[in-house]
Each structure stands twice: as structure tokens, then as C-alpha cells.
Amino acid sequence: MLKTIILLGAPGAGKGTNAKKITSEYHLPHISTGDMFREALRDETELGKLAKSYMDKGLLVPDEVTISLVKERLSKDDCKDGFLLDGFPRNLKQAEALEEIGKEINRPINYVIDINVPEEILKDRITGRRVCKKCGAPYHIKTLKPKVDGVCDICGGELMQRKDDNEEALKVRLDEYHHQTEPLINYYSKKGILHTVDGSKDLKEVMADINAILG
Ligand code: AP5
Ligand code: MG
Ligand code: ZN
């Protein structure tokens with residue numbers, strides 16, 4: 001079956017980490033709204049400046065901005081044979097908009113994978129995370145070290161800490177997650193396309209569980 005996938009999960013659940021593996025294994029474009037905003041920020045575009053004012057605080061970027069960004073991205077040629085969405089949709093309005101976009105491009109979502117991780121683990125994941133300045137690949141100071149300290153295995157870029165990976169912004173991000181994103185679990189469960197994986201297991205096991213779902 002054509003793979004059109006959404007990865008759901010709290011901040012630090014492992015969406016980005018597993019997305020990188022899934023998209024390379026199944027040859028799908030990895031569409032991460034968070035990465036797109038951070039890229040716009042690096043390029044100092046208007047979109048980047050606008051997104052920064054929300055991201056730094058841990059708040060969601062306004063729906064109109066995010067939805068039109070995703071709509072444009074999904075209409076590109078490389079999404080014809082499937083795609084993976086990481087960090088979108090994040091509330092009911094975005095989920096409903098995605099459903100409309102899916103109809104327009106004739107690519108409905110057929111897998112929603114919720115990566116479930118208890119809150120006490122999330123904090124450790126977020127504070128220990130380092131990301132590549134150049135390509136955004138995530139690492140962890142304890143669980144996923146790069147081969148060379150401070151250097152990205154994939155592109156050789158320098159590793160840094162994300163600006164929103166501090167306790168204050170994380171608290172807001174978790175709040176946004178519980179209030180806005182968590183209801184999507186029920187939304188997709190009702191549609192019969194929700195799968196849940198235990199994201200507290202080690203990385204290999206989580207990926208094995210995901211592979212079992214995707215077949
Ligand atoms: P976004 O970039 O999407 O951040 P997030 O949802 O907070 O999620 P994270 O990227 O922090 O976590 P992740 O699940 O990807 O975890 P990772 O794989 O890195 O969004 C950032 C901001 O952009 C938002 O706050 C908002 O402002 C804006 N935004 C984005 N999308 C939006 C939208 N749709 N609407 C509005 N605004 C939007 O893993 C975390 C760490 O844990 C890593 O160090 C990793 O190595 C480690 N790890 C992962 N899995 C395991 C494991 N199984 N065992 C051990 N360690 C693990
Ligand atoms: Mg991420
Ligand atoms: Zn890199």
C-alpha cells in the first residue's frame with residue numbers, strides 16, 4: 001500500500017529520530033514542520049522570523065501559516081509515491097485541513113503512528129538532545145552519541161542545543177501538546193488508522209515495532 005504516514009508524539013518522543021530511519025528505509029520524503037521553520041530561521045526569511053517568535057516560547061505557530069506551508073510541500077512531485085509527516089498535524093484544525101489537502105492531491109493518510117513516552121523520560125531526552133546545525137539530525141549525549149564528539153555523522157556539521165530545549169519552553173511545549181495535539185489520538189483512532197508504539201523502549205525495538213506496522 002502507498003505509504004502516507006503521520007508520526008504523532010510529545011516533544012522528545014522520538015518523531016524526528018524514527019522519521020529519519022523510516023524515510024530512508026521506505027524512500028519517502030521526510031516532512032517536518034519544525035525542521036522547515038528552523039530552516040527558514042537559518043535563511044533569515046520572513047517566515048523564519050515569524051516562526052521564531054512562537055518557537056522560542058514553545059508555542060504553536062499560527063495554523064494559517066503552517067497549513068499553507070504543508071499544502072505547498074505536499075503538492076510537490078516527490079510526494080506522489082507517499083510521504084511522512086513529522087510534527088504535523090498538531091491540532092484538530094490542522095488535521096481537518098490535512099484531510100482536505102489529502103482529497104485534493106488524492107493521497108489520504110493511511111498510517112498514524114503515535115509514539116508514546118511517559119513524561120519523566122521526555123525531559124531527559126530533551127535536555128540531553130543535540131542537533132546538527134546543518135542538517136538537523138538529532139543525537140543524544142547518553143543514548144545516541146555521534147562517532148566524533150560534537151560532529152554530525154551524516155554531514156559533518158557542528159552539533160548544538162536547540163533554543164527551545166530548556167525547561168521553561170519545554171513546559172509550554174508539553175502544555176500545547178496535552179491541550180492541542182493529544183486529542184488527535186482519539187480523532188485518528190475513530191478513523192481506524194491509529195497505531196501506538198511504546199517509545200520508551202530502546203531505539204532498535206521502537207523501529208522494529210514500527211516496521212511491523214508498516215510491513
Ligand atoms: P518540533 O521540531 O516538531 O518539536 P517537538 O514536537 O517539540 O518535538 P521534538 O523535535 O522536540 O521531539 P521529537 O519527537 O522529534 O524527538 P527526537 O527524535 O528529536 O516543533 C518545534 C516547534 O515548531 C513547536 O514548538 C512549534 O513552535 C513549531 N511547530 C512545528 N510544527 C508545528 C505545527 N504543525 N503547528 C504549529 N507549530 C509547529 O528525540 C529526542 C531525543 O531523544 C533525541 O536526543 C534522541 O536521540 C533521543 N531518543 C529518541 N528516541 C529514543 C529512544 N527510543 N531511546 C533513547 N533515546 C531516544
Ligand atoms: Mg523533532
Ligand atoms: Zn548533519
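**Exercise 1. A small sheet**

Find the residue in strand 7 that is the bridge partner of Cys132, then work out how the sheet around this pair is arranged.

*Solution.* A word before we start: this is a predicted model.

Step 1. Look across from Cys132 into strand 7: the bridge partner there is Leu159.

Step 2. Now take in the whole strands. Strand 5, residues 129–132, and strand 7 run antiparallel to each other, joined over two bridges.

Step 3. Widen the view once more. The open sheet holds three strands in the order 6-5-7, and the pairing is antiparallel. Strand 6 and strand 7 (159–160) are its edge strands, as each pairs on one side only.

**Exercise 2. A strand with two neighbours**

Determine which residues stand opposite Asp114 in strand 1 and strand 8, and whether strand 4 is mostly covered or open.

*Solution.*

Step 1. Begin with strand 1, residues 3–9, which pairs with strand 4 in the parallel sense over five bridges. Here Leu8 is the residue that stands opposite Asp114.

Step 2. Turn to strand 8, residues 194–198. Strand 4 pairs with strand 8 too, in the parallel sense and over five bridges. The partner of Asp114 in strand 8 is Thr196.

Step 3. Check the surroundings of strand 4, residues 111–116: five of its six residues are buried, so the strand is mostly covered, where buried means under 20% relative accessible area.

**Exercise 3. Helix 2 and what follows**

List the buried residues of helix 2, name the elements they pack against, and describe the residue that comes after the helix.

*Solution.*

Step 1. Helix 2 spans residues 33–42, and its buried residues are Thr33, Gly34, Met36, Phe37, Arg38 and Ala40.

Step 2. These buried residues pack against two strands and two helices: strand 2 (30–32), strand 3 (82–86), helix 3 (46–55) and helix 4 (63–74).

Step 3. After helix 2 comes Glu44, with a positive phi near 55°. Glu44 sits in the loop between helix 2 and helix 3. Its relative accessible area is 63%, so Glu44 is exposed.

**Exercise 4. Backbone details in loops**

Locate His27 and Pro89, and say what is notable about the backbone at each.

*Solution.*

Step 1. His27 lies in the loop between helix 1 and strand 2. Its phi is near 55°, a positive value in a residue other than glycine. With a relative accessible area of 69%, His27 is exposed.

Step 2. Pro89 belongs to the loop between strand 3 and helix 5 (92–104). The peptide bond that joins Phe88 and Pro89 is cis, with omega about 0°.

**Exercise 5. The second largest pocket**

Explain why the second largest pocket lies between domain 1 and domain 2, and describe its lining.

*Solution.*

Step 1. The volume of this second largest pocket is about 210 Å³.

Step 2. Its lining residues include Thr17, Lys20 and Lys21, along with Tyr139, Asp153 and Leu203.

Step 3. Sort the lining by class: six residues are nonpolar, four are charged and one is polar.

Step 4. Ask which elements contribute. Helix 1 (15–25) and strand 6 (138–140) each supply at least two lining residues, and helix 1 gives the most, with three.

Step 5. Domain 1 (3–118 + 169–214) and domain 2 (129–164) both give residues to the lining, and therefore the second largest pocket lies between them.

Note on methods. Residues numbered from 1 in each chain as written. Chains lettered and ligands numbered in written order. Predicted model: local features only at pLDDT ≥ 70, side-chain atom pairs only at ≥ 80, totals over all residues. Heavy atoms only, no water. Buried < 20%, exposed > 50% of the residue type's maximum accessible area, 1.4 Å probe, protein only. Helix = DSSP H or I, 4+ residues; strand = E, 2+ residues; numbered from the N terminus. Pairing = 2+ DSSP bridges. Contact = heavy atoms within 4.5 Å. 1 Å grid on protein atoms, 1.4 Å probe; cavity = no way out; pocket = protein on both sides within 12 Å on 5 of 7 lines; lining within 4 Å. Points joined across faces, edges and corners; volume = space filled by probe spheres on them. Nonpolar A, V, L, I, M, F, W, Y, C, P; charged D, E, K, R; others polar. Domains from an automatic or database assignment.
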